Amino acid sequence: MNLTIVAVGKMKEKYWLQAVAEYEKRLSAYAKVRIIEVADEPTPDSASAAQEEAVREKEAGRILAQLKERDYVIALAIDGQTFSSEEWAAQMDRLAGQGNSSFVFVIGGSLGLHASVLSRANLKLSFSKFTFPHQMMRVILLEQVYRAFRILRGGPYHK
């Protein structure tokens with residue numbers, strides 16, 4: 001299985017980088033993990049709605065350029081579908097059983113994802129109605145994917 005995270009913006013803080021590295025290591029037993037960071041677009045202070053839309057559109061172009069036709073795209077969106085950890089594990093297992101082997105998770109920038117990315121997504125996934133820092137979201141995503149594999153394998157990680 002191939003897991004790719006396409007994220008807007010660079011991860012800078014050492015502690016987030018270490019957390020991501022740890023989950024990449026753990027996930028290597030189950031999948032090939034790749035993280036692609038695309039540049040975030042500067043947002044002017046007091047940006048108008050039109051300026052914000054232009055920022056989202058530019059970032060969307062960079063995101064969409066990373067996607068392949070056969071990718072199963074999962075956009076992280078606050079209004080997306082929510083799952084428990086067990087439901088998420090079952091969903092991943094079901095999707096893999098349907099022949100999907102390349103999953104791409106998309107994490108947008110500070111203004112969220114452009115409609116073109118959301119319409120390309122096969123699934124919109126929400127972890128909560130809360131807003132999280134995007135760097136933290138990357139770690140939470142990797143942890144939940146790792147947890148899903150452990151649940152599916154009956155491992156002791158999930159209690």
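**Exercise 1. Phe 103 and its ring partner**

Task: In this predicted model, decide whether Phe 103 is buried or exposed.

Solution.
- Step 1. Phe 103 has a relative accessible area of 1%.
- Step 2. Buried means under 20%, so Phe 103 is buried.

Task: Classify the ring pair of Tyr 72 and Phe 103.

Solution.
- Step 1. The ring centres are 5.7 Å apart. Rings pair if their centres lie within 6.5 Å.
- Step 2. The planes stand at 65 degrees. An angle over 60 counts as edge-to-face, so that is the class of this pair.
- Step 3. Place the partners. Tyr 72 sits in strand β3 (residues 72–81), and Phe 103 sits in strand β4 (residues 102–107). The pair therefore ties together parts that are 31 residues apart in sequence.
- Step 4. Check Tyr 72. Its relative accessible area is 12%, so Tyr 72 is buried.

**Exercise 2. Trp 88 and Phe 105**

Task: Work out which elements the pair of Trp 88 and Phe 105 ties together.

Solution.
- Step 1. The two rings form an edge-to-face pair, at 6.2 Å centre to centre and 65 degrees between the planes.
- Step 2. Trp 88 belongs to helix α3 (residues 85–97) and Phe 105 to strand β4. The pair therefore joins parts 17 residues apart in sequence.
- Step 3. Trp 88 is buried at 4% relative accessibility. Phe 105 is buried at 2%.

**Exercise 3. The largest nonpolar core**

Task: Find which element gives the most residues to the largest nonpolar core.

Solution.
- Step 1. This core has 31 residues. Ile 74, Trp 88, Phe 105, Val 145 and Phe 149 have the most contacts inside it.
- Step 2. The elements giving two or more residues are β1 (2–8), α1 (14–27), β3, α3, β4, β5 (123–125) and α5 (134–153).
- Step 3. Helix α5 gives the most, with 8 residues.
- Step 4. Another core, of 14 residues, lies apart from this one. Val 6, Leu 67, Val 104 and Val 117 are among its members.

**Exercise 4. Phe 149 and Met 92**

Task: List what Phe 149 and Met 92 touch, leaving out residues up to four places away in sequence.

Solution.
- Step 1. Phe 149 touches Met 1, Leu 3, Leu 27, Tyr 30, Ala 31 and Met 92.
- Step 2. Phe 149 also belongs to a cluster linked by ring pairs, with Tyr 23, Tyr 30 and Tyr 146.
- Step 3. Met 92 lies in helix α3. At 5% relative accessibility, Met 92 is buried.
- Step 4. Met 92 touches Met 1, Val 145, Ala 148 and Phe 149.

Terms used. Residues numbered from 1 in each chain as written. Predicted model: local features only at pLDDT ≥ 70, side-chain atom pairs only at ≥ 80, totals over all residues. Heavy atoms only, no water. Phe/Tyr/Trp six-rings, centres within 6.5 Å; stacked < 30°, edge-to-face > 60°. Helix = DSSP H or I, 4+ residues; strand = E, 2+ residues; numbered from the N terminus. Buried < 20%, exposed > 50% of the residue type's maximum accessible area, 1.4 Å probe, protein only. Core = buried A, V, L, I, M, F, W, Y, C linked by side-chain atoms within 4.5 Å. Contact = heavy atoms within 4.5 Å.
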